[in-house]
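Got your viewer open? Let's take a short tour, one selection after another.

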Amino acid sequence: MTQLIDKPPAKELPNEQLIELLRKMMLIRRFETKAAEMYAKQKIAGFLHLYNGEEAVAVGAISALNDDDQLLTHYRDHGHALARGVEPGRIMAELFGKETGVSGGRGGSMHLFDTEKSFMGGYAIVCGHLPLACGLALANQRLKNGRIVICFFGDGAVNEGEFHESLNLAAVWKLPVIFMCENNFYGMGTDIRRVSAVIEIYKRAAAYAMPSKQVDGMNVLEMYGETLKAAERVRAGEGPSFLEAICFRYRGHSMADPEAYRDRGQTERWRELDPIITFRKTLTEDGVIDEGAFQTLEAEVEDIVNEAVRFAEESPVPQLEELYTHVYKEDS
Amino acid sequence: MAEMSFRGALRLTLQEELQADENVILMGEDIGAYGGSYSVTKGLFDEFGPERVMDTPISESVVVGAGIGAAMGGLRPIVELMTINFSLLALDQIVNNAAKLSYMSAGQIHVPMVIRMASGAGSQLSSQHSQSLEGWYAHIPGIKVVVPYTPRDARGLLKTAFNEQNPVIFIEHTALYARKGEVPDEDYAIPFGQAEVMREGADVTLIGYSGSVYQTLGAADILEEAGREADVINLRTLRPLDVDTIVASVRKTHRAVVIEDDWKFGGFAGEIAAIIMEEAFDDLDGPVARVCGADVPMPYAKALEQSALPNPQQIADAALALF
Ligand SMILES: Cc1ncc(C[n+]2csc(CCOP(=O)(O)OP(=O)(O)O)c2C)c(N)n1
Ligand SMILES: [Mg+2]
């Protein structure tokens with residue numbers, strides 16, 4: 001059974017862990033901005049969904065879990081992978097379609113996998129991974145290994161049948177899983193109010209007799225604290241928990257989205273709540289970091305991201321002879 | 001050799017695997033307390049308890065998805081989907097997840113699970129309970145598709161399915177459950193991709209799978225009376241497909257008829273016909289014939305239903321037309 005050795009409540013986080021939360025959010029922001037540049041340069045193809053604005057959700061939640069707790073997420077998955085500690089160079093290489101990418105160039109941006117980090121994948125069928133989260137949790141429950149599962153998905157997923165099937169199954173079987181809904185108010189270009197009868201998503205989970213709560217997805221400490229509480233309960237065998245993180249994506253749904261459906265002013269207002277700026281301010285006021293320390297962090301993430309691009313650039317493309325490899329696991 | 005029903009052969013194999021490995025779990029609707037809609041899992045709930053033989057909600061998609069996740073997490077799940085008709089509600093999980101995870105993760109994830117389902121018509125259950133969609137599954141790279149005919153097949157192929165590292169769709173024709181046959185006493189497994197030649201003859205090759213092998217064997221009797229000897233091939237698995245056995249037989253007989261309960265248009269029989277054309281065109285004395293289910297949703301009335309399914313006389317006539 002894995003222990004929560006270094007997971008103190010949010011209020012008791014030591015300075016270096018607070019700085020680590022900030023650093024991870026900055027890394028994601030820089031990585032995503034660089035990915036957009038690389039897409040414009042046509043180094044990256046396919047669909048590219050960026051996480052700018054939502055960094056606090058992944059960083060806060062994932063930092064509250066153990067490293068061997070399994071994580072599944074949707075196609076907007078770079079932030080979750082980085083928060084989990086997946087190698088930035090291997091993520092960028094995957095975006096570039098290189099052999100050295102985390103999925104060997106088979107998955108691309110939407111399908112990052114790193115099972116050694118218990119990062120069980122990014123999935124591109126809206127809501128299609130919630131059932132898998134239930135199954136992984138079932139395995140943990142039977143194997144009594146102390147691991148729990150966290151499953152991230154968007155507000156768009158909650159109107160799929162699989163959402164309801166999964167919540168119900170998790171509840172009746174008391175599965176050790178945290179359902180983490182990232183409510184950014186849009187599914188592609190569709191405002192949640194136009195397609196959801198109940199827009200307070202956490203209320204839907206209440207229908208399946210599990211604790212559910214709305215949390216501030218722009219606040220990394222709140223994300224951390226609430227996920228930690230949910231994780232303790234889930235790990236104790238009390239069944240699933242549901243969190244609805246209120247957040248906002250700054251960019252279009254994907255790089256192909258000109259955002260004709262919403263006005264810029266809305267995004268600008270959300271930027272005032274920016275999770276990195278506000279957390280930096282808090283840490284500065286509390287005397288945890290100063291301007292110099294912040295500059296150092298900026299330089300550090302800049303280096304990491306530049307190095308990731310260099311690694312991706314210099315990596316080989318997949319071998320054509322390998323086209324058929326991994327369709328099946330060959331008999332060993 | 002013991003005489004055993006198809007259902008009994010499946011049950012015995014499930015029971016042995018549950019005994020052999022704690023991580024084997026069965027999941028499905030009414031497989032536990034009720035005993036399974038086709039009684040395949042009867043008694044297993046009492047023997048292994050509700051945590052090994054798990055009754056699920058009527059939620060095909062999450063049941064299959066949870067099976068996939070459980071396999072990813074180190075268990076060996078066997079999911080029963082009652083019938084192939086209901087498997088359509090789980091198509092997303094089967095096609096988008098089970099079949100893709102190994103490839104998309106570059107081999108980091110494997111899905112060692114078996115999804116069992118009953119299939120086929122013949123019990124006057126009308127259109128929504130009588131489909132034979134084996135060919136749809138066979139279309140998908142990343143999964144394997146097993147279609148046993150004899151009780152010996154059922155046991156030997158299920159054994160192999162248990163040892164697979166890949167998702168297996170295991171399809172059981174409802175007309176076969178009560179049929180009996182010889183099953184070897186010793187431990188054995190039948191590898192995937194090995195068809196069985198059920199009967200040998202030099203004049204025509206008849207190719208069937210699952211329930212349709214029964215009608216095909218009946219056709220061979222009719223042909224014998226007409227002075228023609230048929231090779232009857234029971235495919236046993238559709239993916240992988242035993243192309244060698246099919247082609248070797250056609251090289252010998254120069255004539256082929258493919259039989260299936262499923263619809264002809266866009267179906268698996270067409271795939272076999274195409275393979276024969278590609279691999280043995282010069283050996284053929286005529287076009288490959290197909291005898292398939294009628295292109296209609298299955299009707300309820302007995303006479304209508306029977307007329308929509310391949311019968312021995314039809315198959316024999318199709319074969320004789322090749323001479
Ligand atoms: C089953 C399915 N339907 C439609 C799509 C196309 N699609 C991709 S993302 C998306 C919007 C999902 O929105 P949401 O769940 O809120 O996540 P967000 O992109 O906002 O993070 C849609 C409709 C899909 N990938 N899968
Ligand atoms: Mg959304």
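Start by selecting the magnesium ion (ligand 2) along with D155(A), N184(A) and Y186(A), its protein donors. Keep in mind that you're looking at a predicted model. Zoom in on the atoms: D155(A) offers OD, N184(A) offers OD1 and Y186(A) offers O, and they lie 2.0 to 2.1 Å from the ion. Along the sequence, the spacing of these donor residues reads D-x28-N-x1-Y. Now trace the chain around two of them. D155(A) sits in the loop between β3 (149-154) and α6 (161-172) of chain A, while N184(A) is in the loop between β4 (177-183) and β5 (186-187), so this pair ties together parts that are 29 residues apart in sequence.

Try a surface view next: are D155(A) and N184(A) buried or exposed? D155(A) counts as buried because its relative accessibility is 4%, and N184(A) is buried too, at 5%.

Hop over to chain B and select N166(B). You'll find this residue in the loop between α7 (151-163) and β7 (168-173). N166(B) has a relative accessibility of 2%, so it counts as buried. Add I143(B) to your selection and check the C-alpha atoms: N166(B) and I143(B) are 6.6 Å apart in space, with their positions 23 residues apart in sequence.

Last stop: the surface of chain B. Which residues gather in a patch of negative charge there? Select E3(B), E182(B), D185(B) and E186(B) to see them. Click on D185(B), which lies in the loop between β8 (180-183) and β9 (196-199). With a relative accessible area of 55%, D185(B) is exposed.

Technical notes. Residues numbered from 1 in each chain as written. Chains lettered and ligands numbered in written order. Predicted model: local features only at pLDDT ≥ 70, side-chain atom pairs only at ≥ 80, totals over all residues. Heavy atoms only, no water. Patch = residues over 30% accessible without salt bridge, like charges linked within 9 Å, V, L, I, M, F, W, Y side chains within 5 Å. Areas by Shrake-Rupley, 256 points an atom, 1.4 Å probe, with all protein chains shown as cover. Salt bridge = Lys/Arg side-chain N within 4 Å of Asp/Glu carboxyl O. Lys, Arg positive; Asp, Glu negative; His and termini not counted. Charge placed at Lys NZ, Arg CZ, Asp CG, Glu CD. Helix = DSSP H or I, 4+ residues; strand = E, 2+ residues; numbered from the N terminus. Buried < 20%, exposed > 50% of the residue type's maximum accessible area, 1.4 Å probe, protein only. Donors = N, O, S within 2.8 Å, 3.2 Å for Na, K, Ca; no water.
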